[in-house]
Structures are given as C-alpha cells and as structure tokens.
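Dear colleague,

I am passing a structure on to you, and I would be grateful if you could look it over with the notes that follow it.

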Amino acid sequence: MPNSYFGLPLHPLIVHATVVMIPLAALAVLLSVLSSRFRAWAGPLPVGLSLIGVILVPLSTSTGETLQRHVPETALLEKHTHMAEGLLPWTLALFAFSAASYWLQRRRASGESVAKPLAAAVAVLALASVVGTTVQVGRIGHSGAKAAWQNTNMNGPGNGSGDGDG
C-alpha cells in the first residue's frame, strides 16, 4: 500500500472515511434494530455499511503505523495507537450482529418461525455493539486529534480552549 496520496499521508484521508462510515453503520444498525419500518426499507444496508467499517479499520491501522514511523513518538500518540487496536473487535461485532439481525428479518419475512429469545438476544447484542463501536470511534478520534494538534498554536492562549492565560 502506498504511504501517501498526492504528497499527503494516507492515514488522515482513510481515517476520515472511517470516522464517517463506522458511526453511519452504527446508526443504520441502531435504526434497523429499533424500527421495523426502517428495517424493511434498509434491507441489507446496515450489513453493507458495517462491512465497509470492518474493511476500513485495518486500512486505518496500517496507514497509522506507517505514519507513526515518520512522526515523533509522544505519550498522546502511544495512547492513540493503543486505543485504535481495540476498534476491530467492535466493528466485527457490529457487522456480525447486523448480519444476524438481517438474517432473522429475512426468515420472518419468508414466514419462518423465529424464537423470540433469539431475536431479543441478537437485538441486545447489536445495540451493545452500536454503543461500543460509537464510543470507541469517538475516543480514538479524540486521542488522535490531541496527538496531531498537541504542538501547534491551536493549543496556545487566546484560542478559546480555556487552556491559556487570556
């Protein structure tokens, strides 16, 4: 995989896609679990969006590791990379439970019987993966932004952050 695109590091470019697609997938899964109307309209869309998230996470991690070799090592960067390693299991769970939910939906639509405890368990696990994935993406994104912007003038006095004297 190339390290840059038109002179820009690939990591920020791919991460922006990841930060958009994973919450979008989580929202689609959430709505699919909670709304039969959305579920009927969306069909396999939540599964497809979740799969895109699963594909983007290793790409984000790989490009991040490449970028890490070219920037100074800091505690914030170390924290960011450590947190990023925990996203793939969440996105895999989001994908798996969105796929299970869709499979159960298809069985119901074809007139097959679906055990209510199974459907409820899949729904609860899908919701848990929605929450976990969304929280993890937010935490990773925040730590990455802090690591990227730590040594810029954006963190100085007068920027409205409350960190400065004025």
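Below are the findings on the core, the charge pairing and the surface.

This is a predicted model, in which local features need pLDDT of at least 70 and side-chain atom pairs count only at pLDDT 80 or more, while totals for chains, interfaces and linings use all residues. Residues are numbered from 1 along each chain as its sequence is written, and side-chain values use heavy atoms, with hydrogens and water left out.

The largest nonpolar core (buried Ala, Val, Leu, Ile, Met, Phe, Trp, Tyr and Cys residues joined through side-chain atoms within 4.5 Å, where buried means under 20% relative accessible area, exposed over 50% and partly exposed in between, with a 1.4 Å probe and protein chains only) has 15 residues, of which Val29, Leu49, Leu94 and Val130 touch the most other members. At least two residues of this core come from each of helix 1 (10-34), helix 2 (36-42), helix 3 and helix 6 (116-149), helices being DSSP runs of H or I with at least four residues, numbered from the N terminus. Helix 1 contributes the most, with eight residues.

The structure holds one salt bridge, defined as a side-chain nitrogen of Lys or Arg within 4 Å of a carboxyl oxygen of Asp or Glu. This salt bridge joins Glu112 to Arg107, with the closest N and O atoms 3.2 Å apart. Glu112 is partly exposed at 43% relative accessible area, and Arg107 also counts as partly exposed, at 24%.

Finally, Glu65 lies in helix 3 (residues 45-68) and is partly exposed, with a relative accessible area of 43%.

With kind regards
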